Structure formats: structure tokens, C-alpha cells
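Me: Got a minute to go through this one with me? I'll ask, you answer.

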Amino acid sequence: MNDREKFEGFTQKNVEDNEKQYGAEIRAKYGDDSVEKSYEKIKGMTQEQYAELERLTDKLHTALKAAVAQGDPAGQPAQEACELHKEWLGYFWGEYSKEAHMGLGQMYVDDPRFAAHYEKIAPGCAAFLRDALVVYCSKINDAG
């Protein structure tokens with residue numbers, strides 16, 4: 001098995017694990033078409049794209065930590081973190097919608113699983129990101 005085949009197996013397993021754990025929930029919330037498009041994006045990633053996603057994730061977490069420390073959801077650090085978050089979503093979403101982006105920010109606060117993830121980055125991060133996304137999304141076009 002070559003490296004490409006191993007990587008394809010890795011992404012396929014990630015999709016299968018996600019489907020097993022969250023499939024019914026995300027399909028009910030977002031619809032089969034959206035979920036399948038997202039899975040296809042993930043399975044279609046190259047090793048280089050996956051490595052870039054990991055680097056972007058680290059950069060996003062660092063930016064969020066700095067933005068929360070700065071304390072202003074409308075401030076430059078927070079808005080830069082929102083832009084990174086939008087870029088990060090591009091690895092998973094078929095198409096961007098600022099309404100969906102803001103909804104995701106609210107879900108980060110409302111869903112204890114996501115809240116716990118963001119609280120590990122910085123205390124108060126989930127609510128801070130939600131508030132920053134409201135500001136960010138009010139200033140951009142959907143395609144923006």
C-alpha cells in the first residue's frame with residue numbers, strides 16, 4: 001500500500017467515524033446533500049491539503065487565543081480570527097453562507113461538545129467567537 005492509498009484510507013475512516021458518531025444528527029440538521037458534499041470534500045483532499053488544514057487549524061487556535069486575550073470581538077485580532085475560521089470552513093463546506101457561519105458560532109455556545117473544545121483554547125472562547133462572528137458576518141457578502 002502506497003502513501004496515497006494509506007491517506008485515502010485515513011480520510012475514509014475519518015468520514016466513517018464521523019458518520020457513525022454524528023451522522024443522524026448532522027443529516028437531520030443540514031440535510032443529506034450538504035453532508036455528502038462535505039464528506040466528498042474531505043475524501044478528495046490531498047495529503048498536502050490535509051497538512052495545510054492542520055496548519056490552518058493551529059493558526060486559527062493561536063489567533064483565537066490572542067483575540068480572546070485582547071477582549072474585543074470587533075477588534076482586529078478577533079476579526080482576523082473570524083477570517084481564518086471562514087477559510088477553515090472552506091475545507092468542509094460546499095458553499096459559504098454568513099447566516100450559516102453565525103449559526104455555527106451560536107452552536108459552539110449551545111452545544112456542550114463544541115463549547116468544551118473552544119474552552120480548551122481559551123476560557124470564554126466559544127461565546128467570544130460567536131460574538132466576533134456576528135460582527136464579521138455583518139460586514140461581508142456571502143461570497144466575501
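**Helices, a histidine and a pocket**

Reply: In α3, the buried residues are L53, L56, T57, L60, A63, L64, A67 and V68. Buried means under 20% relative accessible area, exposed over 50%, partly exposed in between (1.4 Å probe, protein chains only). This is a predicted model: local features need pLDDT of at least 70, side-chain atom pairs count only at pLDDT 80 or more, and totals for chains, interfaces and linings use all residues. Residues are numbered from 1 along each chain as its sequence is written, and side-chain values use heavy atoms, with hydrogens and water left out.

Me: What do the buried residues of α3 pack against?
Reply: Against α4, α6 and α7. Contact means heavy atoms within 4.5 Å. Helices (H or I, at least four residues) are DSSP runs, numbered from the N terminus.

Me: How many residues does α3 have, and how far does it reach?
Reply: α3 has 24 residues and reaches 35 Å from first C-alpha to last, close to the 34 Å expected at 1.5 Å a residue. The expected span is 1.5 Å times one less than the number of residues.

Me: What follows α3?
Reply: G71, with a positive phi near 95°.

Me: Switching to α5. Which of its residues are buried?
Reply: H101, L104, G105, M107 and Y108. Seen down the axis of α5, they fall within an arc of 160°, so they line one face of the helix. The arc is that of the directions from the helix axis to the C-beta atoms.

Me: And what does that face meet?
Reply: The buried residues of α5 pack against α1 (3-30), α4 (76-89), α6 (112-121) and α7 (125-138). The helix itself covers residues 98-110, 13 in number. It reaches 18 Å, close to the 18 Å expected.

Me: Now H85. Where is it found?
Reply: In helix α4. H85 counts as buried because its relative accessibility is 0%.

Me: Which residue's side chain does H85 join through a polar contact?
Reply: That of H101, at 2.7 Å. A polar contact is a pair of N or O atoms within 3.5 Å; within protein, one must be able to donate a hydrogen and the other to accept it, and residues adjacent in sequence count only if both atoms are side-chain atoms.

Me: What else does H85 touch?
Reply: Leaving out residues up to four places away in sequence, its contacts include L60, L104, Y108, Y118, L129 and L133. L60 is one of the buried residues of α3. L104 and Y108 are among those of α5.

Me: Same helix, what about Q79: buried or exposed?
Reply: Buried, with a relative accessible area of 13%. Q79 lies in α4. Its side chain reaches the backbone nitrogen of Y136 at 3.2 Å. Q79 also touches P73, A74, A132 and V135, among others.

Me: New topic, pockets. What volume has the largest one?
Reply: About 1,600 Å³. A pocket, on a 1 Å grid over the protein atoms alone, is an open set of points where a 1.4 Å probe fits, with protein on both sides within 12 Å along at least five of seven lines. Lining residues have an atom within 4 Å of a point. Volume is the space filled by probe spheres set on the points, which are joined across faces, edges and corners.

Me: Which lining residues are closest to its centre?
Reply: N18, S38, W88, F92 and F114, out of 40 that line it.

Me: Which element gives the largest share of the lining?
Reply: α1, with 9 residues.

Key. Helices (H or I, at least four residues) and strands (E, at least two) are DSSP runs, numbered from the N terminus.
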